[in-house]
Amino acid sequence: MIRPANAADADGVAAVRRASWRAAYAGIIDSAHIERVTAPNGAAAPPLPHLTLVVAVAGERGEVIGYASFGPERLVAVPRPVPAGARLLTDAGMAGQTGEVYAIYLAPERWSAGVGRALMDIALDGLRAAGYRQVVLWVLTANARARRFYGKAGFAPDGGVNVLAGLGGVEELRYARDL
C-alpha cells in the first residue's frame with residue numbers, strides 16, 4: 001500500500017534511506033560519506049515548503065519499505081546551512097512548470113518487485129495533477145541500475161551535470177521527461 005507519509009513514518013523512512021544508500025551507492029560513494037549523510041540527524045537536504053512525501057508500507061504493522069518525494073524543481077546548489085529567506089526553487093519550479101522527483105528509495109530486499117514503479121507512478125501522477133508539464137530528477141552518473149529504472153520510466157539525460165562535493169566529488173546527471 002502507498003499512502004501519504006506522516007510524522008510516525010520518520011524512523012521508517014530514515015531506515016529505508018540508510019539501507020538503500022548503503023546498498024545502491026557502495027563502490028560509488030565512500031562509505032564514510034554514506035554513514036555521515038544517512039546517520040540519524042545527518043546532513044539531509046533542506047526541507048522544501050511544497051515537498052510531497054509518500055510511503056510504501058507492508059505487513060500487518062504497516063512497516064515502511066520505500067518512499068518517494070516530489071515537488072517543484074529545486075536549485076542545484078543551495079548553501080548550507082540554508083540562510084533565512086534563501087531561494088530554493090528554480091524559476092520553472094516556482095512558476096509551476098517543472099516538477100522534480102527528489103527521491104525514490106526502497107529497502108534493498110524490495111528491489112525489482114514493482115514497488116519502485118508504483119512509487120514513480122504516484123509521484124508522476126501527483127506532479128501532473130499539480131499542473132507541471134515537465135519533470136526532472138538527478139541520478140548519480142555511476143548508478144547504472146537507477147539510470148536503467150529511470151530510462152524505463154521515460155526519462156532521459158538532458159545535459160545537466162552536477163558534482164556533489166560533499167559526497168566526495170561524485171557526479172550526477174539531470175534526467176527529464178514531459179508529463
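What is the volume of the second largest pocket? The legends below concern a predicted model, and the pocket comes up in the first of them.

**Figure 1. Lining of the second largest pocket.**
The volume of the second largest pocket is about 160 Å³. Its lining consists of G12, A15, V16, A19, R61, G62, E63, V64, I65, A107 and E109. Two elements, α1 and β3, each give two or more residues to this lining. Helix α1 contributes the most, with four residues.

**Figure 2. The open sheet and its edges.**
The sheet is open and holds seven strands, which run in the order β1-β2-β3-β4-β5-β7-β6 with mixed pairing. Strands β1 (2-4) and β6 (156-164) are the edge strands, and each of them pairs on one side only. On average, and with direction ignored, neighbouring strands of the sheet are turned by 30° against each other. In general, the strands of a sheet pair through backbone hydrogen bonds, in either a parallel or an antiparallel way.

**Figure 3. Pairing at the β1 edge.**
Strand β1 pairs with β2 (residues 52-58) in the antiparallel sense, over three bridges. Within this pairing, P4 stands opposite V54 of β2.

**Figure 4. Helices packed on the sheet.**
Helix α4 (residues 115-129) packs on the sheet and touches β1, β2, β3 (63-72), β4 (98-106), β5 (134-140) and β7 (170-178). The direction of α4 makes about 160° with that of β4. Helix α5 (residues 144-152) also packs on the sheet, where it touches β4, β5 and β7. The direction of α5 makes about 165° with that of β5.

**Figure 5. The hairpin of β6 and β7.**
Strands β6 and β7 pair in the antiparallel sense over six bridges. One residue pair in this arrangement is P157 with its bridge partner Y175 in β7. The two strands form a hairpin, with five residues between them. In the turn, G168 has a positive phi of about 85°.

**Figure 6. A salt bridge between helices α1 and α2.**
The model has six salt bridges. In one of them R22 pairs with E35, and the closest N and O atoms are 2.8 Å apart. This pair links distant parts of the chain, since R22 lies in helix α1 (residues 10-24) and E35 in helix α2 (residues 31-38), 13 residues apart. R22 is partly exposed, with a relative accessible area of 42%. E35 is partly exposed as well, at 28% relative accessible area.

**Figure 7. A salt bridge from strand β4 to a loop.**
The side chains of E100 and R74 form a salt bridge, at 2.6 Å from N to O. E100 belongs to strand β4, while R74 is in the loop between β3 and α3 (91-94); with their positions 26 residues apart in sequence, the pair links distant parts of the chain. E100 has a relative accessible area of 1% and is therefore buried, the cut-off for buried being under 20%. R74 counts as partly exposed, at 24% relative accessibility. In general, side chains of opposite charge can pair when their charged atoms come close.

**Figure 8. A salt bridge within helix α4, and a network.**
D125 and R128 form a salt bridge in which the closest N and O atoms are 2.9 Å apart. Both residues lie in helix α4, three residues apart, which is about one turn of the helix. D125 is partly exposed, with 43% relative accessible area, and R128 is partly exposed at 36% relative accessibility. Elsewhere, salt bridges that share partners join R18, R22 and E35 into one network.

**Figure 9. S112 in a loop.**
S112 lies in the loop between β4 and α4. The phi of S112 is near 60°, a positive value in a residue other than glycine. With a relative accessible area of 70%, S112 is exposed.

**Figure 10. Surroundings of S20.**
S20 lies in helix α1. At 3% relative accessibility, S20 counts as buried. Its neighbours within four places in sequence left aside, S20 is in contact with Y25, Y105, L106, P108 and W111. From S20 to G71 the C-alpha to C-alpha distance is 21 Å, and the two residues are 51 residues apart in sequence.

How values were computed: Residues are numbered from 1 along each chain as its sequence is written. This is a predicted model: local features need pLDDT of at least 70, side-chain atom pairs count only at pLDDT 80 or more; totals for chains, interfaces and linings use all residues. Side-chain values use heavy atoms; hydrogens and water are left out. Two strands pair if DSSP finds at least two bridges between them. Axes are lines fitted to C-alpha atoms, for helices over the stretch in contact, and angles run from 0 to 180 degrees between N-to-C directions. Contact means heavy atoms within 4.5 Å. A salt bridge is a side-chain nitrogen of Lys or Arg within 4 Å of a carboxyl oxygen of Asp or Glu. Buried means under 20% relative accessible area, exposed over 50%, partly exposed in between (1.4 Å probe, protein chains only). On a 1 Å grid over the protein atoms alone, a cavity is a set of points where a 1.4 Å probe fits but cannot get out, and a pocket is an open set with protein on both sides within 12 Å along at least five of seven lines; lining residues have an atom within 4 Å of a point. Grid points are joined across faces, edges and corners, and a volume is the space filled by probe spheres set on the points.
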